[in-house]
Amino acid sequence: MAVSVQLTHVTKAFDTTIAVNDVSLNIERGEFFFLLGPSGCGKSTFLRIVAGFYKPDTGELRFDDTVVNNVPPHQRNTGMVFQNYALWPHMSVAENIEYGLTLRKLGKSERDEKITRALEMVQMVDYHDRAVNTLSGGQQQRIALARALVIEPSVLLLDEPISNLDAALRQQMRDEIKQIHDRTNITMFYVTHDQVDALSMADRMAIMQDGVVIQVGTPREVYQFPKNAFVASFVGETNFIAGKVQHTSNGSATIETPVGTLHSETIYHALSEGTPVQCSIRPEALIVNNNQNDANHAENTITAKITAVNYLGRIEEYQLVAADVPLKAVHYNPGIETKKPGDTVQLAIAAEAIIPLPD
Ligand code: ATP
């Protein structure tokens, strides 16, 4: 039975390092929740607190309404999947999966039935009797998933589970893990530094920096409305144009920048006149036009020079410079005609796509 996971003002320090700093978070029952952050930000420590390997110094951890701070790991009914698989190499596939069922003292026929169902879930039924050390990395990770799922955990914890796999296999596993979540509706808590994992699979995600949760939201909310410059640059790519607020009214702002005056309609920080800001603008929001006539006329139009073009098949990336500010634009489905380094272009930006963030 899936549970909700609630942390209230949880802190965990090692000597002078505060790995998890006053974190309050609520993971809903059945939710696929991600913790995303750079190396060393405290993700693994957080996961270990939920698993029970670390006890919080302060604060409270609840599974549903029960405080579990003092409940040992083996009594929390959590399943765990690690980056390095952590399978028992001397055992077969079936024996690896069976282990948790034997600990729970289930009878032979029930164990067999559950092993088969878990193997079906990860599409590995034919590998029942194989020695795990004869499996590929991707196959071993599927068995690690099956071993965690077979005990029907209240929460499934995943620590960078697909980081060791190659790019094509990672994409396939993302699809499969998401399908497993959709089918089982287990509460799943996944920690990673890989934004694609989080954006493509999460119901909601928390962005962590230096032990602190900076923002929580759906992938769409976090990508479209990053709370600060760290989130804007860590989740997806972005351009920053430094400027000063000239004027604000009714959720819009006029910002003076070296590339010209920008008008934003996405204001959710209190900004007063004269406040220095960084305007975050995603590369796909810079629309590249040739039309020289628009220069200096249309609102939110920047004159820029192309410095480099990267053709990537489905997309084309332009490196540009405008008034010494480096910018990046992405153009989808590039046709035969393309821009060249040295071309001067107009960049049009929708007012909704300009997000002034506190500097
Ligand atoms: P990575 O993505 O590199 O695994 P992470 O986000 O999981 O990093 P943690 O492993 O939780 O980060 O570490 C957070 C901070 O706590 C780091 O500064 C780390 O050095 C420190 N730390 C973690 N475990 C211990 C420990 N057992 N003793 C001392 N310091 C620790």
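Reader: Helix α4 and helix α5 pack against each other, so I would like to start there: at what angle do they pack, and how far apart are their axes?

Author: Happy to begin there! Keep in mind that this is a predicted model. To read a helix pair, look at the angle between the axes and the distance separating them. Here α4, residues 137-149, packs with α5, residues 167-184, at an angle of about 15°, and the axes are 12 Å apart. Angles under 35 degrees count as roughly parallel, and that makes α4 roughly parallel to α5. Where α4 passes α5, the crossing is right-handed.

Reader: How do the axes of α2 and α4 cross?

Author: Apply that reading again. Helix α2 covers residues 93-103, and its axis comes within 8 Å of the axis of α4, crossing at roughly 25°. This angle makes α2 roughly parallel to α4. As α2 passes α4, the crossing is right-handed.

Reader: And at what angle do α2 and α3 cross?

Author: For α2 and helix α3, residues 108-121, the crossing angle is roughly 125°, with the axes coming within 10 Å. The two helices, α2 and α3, are therefore oblique to each other. Their crossing is right-handed.

Reader: Let's turn to the ligand. Which residues surround it?

Author: A good way to read a binding site is to list the surrounding residues, then sort them. Around the ligand you will find F14, T17, A19 and Y54, together with P38, S39, G40, C41, G42, K43, S44 and T45. Sorted by character, this shell has five nonpolar residues, six polar ones and one charged.

Reader: Which polar atoms of G40, C41 and K43 lie by oxygen atoms of the ligand?

Author: Check whether each contact comes from the backbone or the side chain. In G40, a backbone N or O atom lies 2.7 Å from a ligand oxygen. C41 also uses its backbone, with a polar atom 3.1 Å from an oxygen atom of the ligand. With K43, an N or O atom in the side chain is 2.9 Å from a ligand oxygen.

Reader: How much of the ligand's accessible area does the protein cover?

Author: On its own, the ligand has 630 Å² of accessible area, and the protein covers 60% of that.

Reader: Which elements give two or more residues to the shell?

Author: Those are β2, residues 17-27, and α1, residues 43-51. The largest share, three residues, comes from α1.

Conventions. Residues numbered from 1 in each chain as written. Predicted model: local features only at pLDDT ≥ 70, side-chain atom pairs only at ≥ 80, totals over all residues. Heavy atoms only, no water. Near = heavy atom within 4 Å. Polar contact = N/O pair within 3.5 Å; in protein donor to acceptor, adjacent residues only side chain to side chain. Areas by Shrake-Rupley, 256 points an atom, 1.4 Å probe, with all protein chains shown as cover. Helix = DSSP H or I, 4+ residues; strand = E, 2+ residues; numbered from the N terminus. Nonpolar A, V, L, I, M, F, W, Y, C, P; charged D, E, K, R; others polar. Axes fitted to C-alpha atoms, helices over the stretch in contact; angles between N-to-C directions. Parallel < 35°, antiparallel > 145°, perpendicular 65-115°, else oblique. Left-handed = near helix turned anticlockwise from the far one by under 90°.
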